[in-house]
Amino acid sequence: QDCCTHTGPCLAARFVRQIVKPVSTVHSCEQMSTFERLQNSPARHVLPYQYRGSSPTKHGKPQLSSPTKNKTPQGSSPATPRVPQPQMPQVARLRTKHNLLATDRQLAKEKRDIMDALERRFGSPELLLLEQFVEALRGFFQHVDEEDRPRAHPLALNLGLAMLEQSHILPGLSLPAGEPVSDKMFLGQVAWYAKVARAARSSTPSEIASRINLHPSGVHYHVSSNGIDTAGFFLAQDHVRGGSNDLVLALHVASTVHEALGHVIGESVPHLNGLAHQGMLDKAKAVMDLVRPVLRARMTLDSHLTITGFGLGGGTATLLHTIFINELSNDTSLLLSQSRLACFAYGPPPVFSSPTAERDGQNTLPANFSEQLYIIVNRFDFLPRYSANSALMAIRRLKGIDRLNLTTKERLSMIRENDAFRAPQAGGVDRVRVMISLYHIGKVIVLREAEDKEFRFEWMAPSVLNRLVLDSNMFLDGDSQTYVRVTAAVAYKHIEEHTFCVLLERWVPCFADL
């Protein structure tokens with residue numbers, strides 16, 4: 001108040017700016033009132049006035065000290081003037097805040113540009129799944145050394161370039177050729193159990209019955225999946241194999257792409273003289289405990305049991321099949337022989353590692369465990385190919401793309417223009433071995449597009465699934481509805497080739513015009 005009264009608002013503002021800064025150094029000076037200091041000093045000497053810290057106050061007002069008015073006692077050296085602490089000017093603070101906001105805006109715009117380019121090139125449905133896949137790979141970085149991680153450019157942009165590179169490779173060259181599946185009855189079973197596996201997603205027995213053409217009374221047991229930690233399943237009558245007492249057990253595990261990929265890279269526990277995925281093995285044992293009493297009541301000597309599942313449900317079905325095989329030799333009350341047990345797993349992740357799997361690249365088990373265990377994979381489906389080793393190889397591929405001498409704008413331009421290129425492979429990552437990699441059990445059947453654009457199921461070695469194929473169709477190929485559609489298309493095509501009308505047109509060509 002004194003300042004405003006006797007020296008004017010300009011000096012008051014300068015005075016306030018000084019006293020709001022706490023000081024740690026207190027200079028000895030004679031005590032005088034604020035009014036006396038302002039009367040005896042010009043305006044330029046009032047600027048250093050500051051609070052005296054925690055000194056006593058007089059009449060409720062802080063005592064002030066002035067470095068310019070300090071007096072030195074006789075016989076002592078002059079006091080060294082206090083050097084003011086450096087502070088960032090207001091303009092510099094505003095400029096720094098503006099730069100940070102501009103950087104945030106620039107990063108947000110760059111992300112929008114990347115997502116827009118990927119969406120235009122690969123489509124909207126794949127974009128959300130691509131983002132979840134990127135998050136899963138980024139979560140796997142904890143198992144990779146810092147220098148081996150692709151950091152120069154966004155991971156989604158590197159993945160988009162890898163998918164662009166793969167799109168210029170002929171589909172027939174992306175997968176090796178195998179032996180065609182020629183058994184038409186078996187292809188019909190593959191198509192049917194894909195439909196049954198998808199029906200396990202249903203929430204009520206009546207909905208399940210309507211999906212697989214059954215009366216609701218034909219569904220004997222049903223449990224819904226509450227998330228990735230529990231397996232839902234249903235046990236129902238199976239009228240495909242021809243027996244009146246045949247049963248089908250379909251499993252389902254509800255999860256997103258990010259949850260599924262994070263769940264696949266998990267802990268392993270001992271199982272069948274090897275190591276099995278702990279999470280899926282626990283779910284398989286829980287299902288076994290629930291269905292064992294029902295099977296004892298329903299099974300007869302001529303009964304068949306078929307286990308099926310999709311994705312994580314397929315992986316759980318695979319391990320459940322091994323539990324059944326292991327228990328049938330000890331538990332005769334199930335009234336089921338190994339020859340009457342089969343499993344159709346659609347797009348399951350690898351779940352087991354035998355003692356020699358790391359050396360051979362595939363599992364080695366007794367023949368009875370894999371005799372009627374079928375792993376069905378649709379082209380480039382990513383989940384059956386996702387393991388610790390394949391994730392490391394994918395990061396190695398993205399690291400090679402990350403090292404390309406290309407700016408972000410040039411990379412975006414390549415995706416928009418659909419340019420063909422070849423990226424070098426980055427070394428170093430393949431030497432990292434931080435955890436056990438799991439492999440598939442059973443016989444592998446892959447839907448492959450041949451050079452003549454013909455789609456067919458082919459028998460292949462399990463080692464074909466040891467590497468991720470970063471193709472733009474790997475997300476669409478992993479959809480359960482896609483499995484139902486393509487298996488039915490291939491199976492019914494073989495049936496239609498031998499219908500009476502088709503044969504008649506071949507024998508009498510003029511009937512084709514009619």
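A residue counts as buried here when its relative accessible area is under 20%. By that cut-off E458, at 2% relative accessibility, is buried, and E458 will turn up again below as half of a salt bridge. Welcome to a quick tour of this predicted model. The structure holds 13 salt bridges and 13 aromatic pairs, and its largest pocket encloses about 520 Å³ of space.

**Salt bridges**

- Let us start with E458, whose partner is R448; the closest N and O atoms of the two are 3.3 Å apart.
- E458 sits in strand β16 (residues 455-460) and R448 in strand β15 (residues 443-449), so this contact ties together parts that are ten residues apart in sequence.
- R448 is buried as well, because its relative accessible area of 3% falls under 20%.
- R397 and E165 also meet through their side chains, in a salt bridge with an N to O distance of 3.1 Å.
- This pair links distant parts of the chain: R397 belongs to helix α15 (residues 388-402) and E165 to helix α6 (residues 155-167), 232 residues apart.
- Both ends of that bridge are buried, with R397 at a relative accessible area of 13% and E165 at 3% relative accessibility.
- Within helix α11 (residues 278-298), D289 and R292 are three residues apart, which means that about one helical turn separates them.
- The side chains of D289 and R292 form a salt bridge at 3.4 Å, N to O, and R292 counts as buried at 15% relative accessibility.

**Aromatic pairs**

- A pair of aromatic rings is described by how far apart the centres are and by the angle of the planes.
- Among the 13 aromatic pairs found in the whole structure, F186 and Y374 have ring centres 4.9 Å apart and planes at 65°, so they are edge-to-face.
- F186 lies in helix α8 (residues 184-199) and Y374 in strand β14 (residues 373-378), so to speak of distant parts is fair: the pair links positions 188 residues apart, and the angle of 65° makes it edge-to-face.
- Both F186 and Y374 are buried.
- The rings of Y346 and Y483 are edge-to-face too, because their planes stand at 85°, with the centres 6.3 Å apart.
- Y346 in strand β12 (residues 341-346) and Y483 in helix α17 (residues 480-496) are 137 residues apart, and their pair links distant parts of the chain.
- Y346 counts as buried at 1% relative accessibility, and Y483 does at 2%.
- F186 and Y374 return in one aromatic cluster, together with Y193, F344 and W459.

**The largest pocket**

- How much space lies in the largest pocket? The volume is about 520 Å³.
- Of its 23 lining residues, S255, V257, F310, G478 and D479 are the closest to the centre.
- Helix α5 (124-140) and helix α10 (257-264) each supply at least two residues of the lining.
- The largest share, three residues, comes from α5.
- Sorted by class, the lining has twelve nonpolar, seven polar and four charged residues.
- Where does the largest pocket lie relative to domain 1 and domain 2? Both domain 1 (97-173 + 392-417) and domain 2 (184-386 + 437-510) give residues to the lining, so the pocket lies between them.

Terms used: Residues numbered from 1 in each chain as written. Predicted model: local features only at pLDDT ≥ 70, side-chain atom pairs only at ≥ 80, totals over all residues. Heavy atoms only, no water. Salt bridge = Lys/Arg side-chain N within 4 Å of Asp/Glu carboxyl O. Helix = DSSP H or I, 4+ residues; strand = E, 2+ residues; numbered from the N terminus. Buried < 20%, exposed > 50% of the residue type's maximum accessible area, 1.4 Å probe, protein only. Phe/Tyr/Trp six-rings, centres within 6.5 Å; stacked < 30°, edge-to-face > 60°. 1 Å grid on protein atoms, 1.4 Å probe; cavity = no way out; pocket = protein on both sides within 12 Å on 5 of 7 lines; lining within 4 Å. Points joined across faces, edges and corners; volume = space filled by probe spheres on them. Nonpolar A, V, L, I, M, F, W, Y, C, P; charged D, E, K, R; others polar. Domains from an automatic or database assignment.
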